[in-house]
Amino acid sequence: MLQVIDLQARIGKIPVLRGVSLTIGRGETVALLGRNGVGKTSTLRAILGLLDRTNGSVSYDGTDLTKLAAHKAAGLGIGYVPQGRGIFPLLSVEENLLLGLRGAPDQAELDDLYRRFPRLDERRRQPAGTLSGGEQQILAIARCLIMRPSLLMLDEPTEGIAPKIVQQIRSEIAQVATKGISVLLVEQNVRTALRLASRIYLMERGTIVHETTPDALRADADVLHRYLGVSL
């Protein structure tokens with residue numbers, strides 16, 4: 001579904017990606033892990049064309065994304081929840097939720113989202129800026145889901161979130177995967193990534209240095225410490 005080959009990118013004149021290659025199959029959840037500053041967020045942004053790509057290729061379901069304007073990615077079925085969530089604080093929860101739709105929402109689908117995210121239902125008329133950080137993250141994820149993506153890219157979805165809401169976010173990501181939606185997850189919480197992903201890529205200095213599985217990574221203390229600085 002998603003194929004990235006030798007992707008290189010820069011911010012201004014500074015190289016941030018030095019040759020990233022990865023693949024994601026249909027319905028697969030893949031985690032991209034690494035220490036802060038190694039290029040994880042830049043990888044997501046470069047896939048979408050939000051960074052200046054200098055080499056390599058990105059294709060999605062046979063479409064060459066390197067020849068496509070960034071804003072057209074959603075039309076191909078790619079949903080993106082960035083760090084910072086991208087919520088419009090003065091708009092209501094429901095206005096934020098429906099922002100990307102071209103026409104009227106499917107009422108059954110909207111009702112289903114409110115059933116899955118009851119906190120949004122309770123606050124649908126409130127300004128989104130009055131929500132807690134965790135509730136805003138849920139809103140950002142729900143806003144992507146109403147667009148019916150086939151690939152969902154999530155950048156640090158549990159960062160700074162209360163444990164109770166982290167559990168809800170984990171559960172929703174797991175549920176998304178059961179519906180055949182592919183997920184590319186950037187996540188600092190290693191335990192969350194190991195629980196959700198079927199494959200894991202590790203990054204260092206702007207490139208992929210290791211591909212593994214959750215079980216293999218749990219069993220490899222040296223790799224965990226070298227690339228993530230953690231122990232389990």
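This briefing walks through the strand pairing and helix packing in the structure above. The model is a predicted one, so please read every feature below in that light. At its heart for our purposes is an open sheet of six strands with mixed pairing, in the order 6-7-8-3-9-10.

**The six-stranded sheet**
- Strand 6 (78-81) and strand 10 (207-212) are the edge strands; each has a single partner strand, so one side of each is left without a neighbour in the sheet.
- From one strand to the next, the twist averages 20°.
- Strand 6 runs parallel to strand 7 (residues 151-155), and four bridges join the two.
- Within this pair, Tyr 80 stands opposite Met 153 of strand 7.

**Helices on the sheet**
- Helix 1 (residues 40-48) packs on the sheet and touches strand 3 (29-33), strand 6, strand 7, strand 8 (182-186) and strand 9 (199-204).
- The direction of helix 1 makes about 145° with that of strand 7.
- Helix 5 (residues 133-145) lies across strand 6 and strand 7, and runs at about 170° to strand 6.

**Pairing around strand 4**
- Strand 1 (residues 2-11) and strand 4 (residues 52-60) run antiparallel, joined by seven bridges.
- To find your way along this pair, look for Ile 5, whose bridge partner in strand 4 is Ser 57.
- Strand 4 is also joined to strand 5 (residues 63-64), by two bridges and again in an antiparallel arrangement.
- Here Tyr 60 has Thr 63 of strand 5 as its bridge partner.
- Strand 4 and strand 5 make a hairpin with two residues between them, and Asp 61 in the turn has a positive phi of about 50°.

Key: Residues are numbered from 1 along each chain as its sequence is written. This is a predicted model: local features need pLDDT of at least 70, side-chain atom pairs count only at pLDDT 80 or more; totals for chains, interfaces and linings use all residues. Side-chain values use heavy atoms; hydrogens and water are left out. Two strands pair if DSSP finds at least two bridges between them. Axes are lines fitted to C-alpha atoms, for helices over the stretch in contact, and angles run from 0 to 180 degrees between N-to-C directions. Contact means heavy atoms within 4.5 Å.
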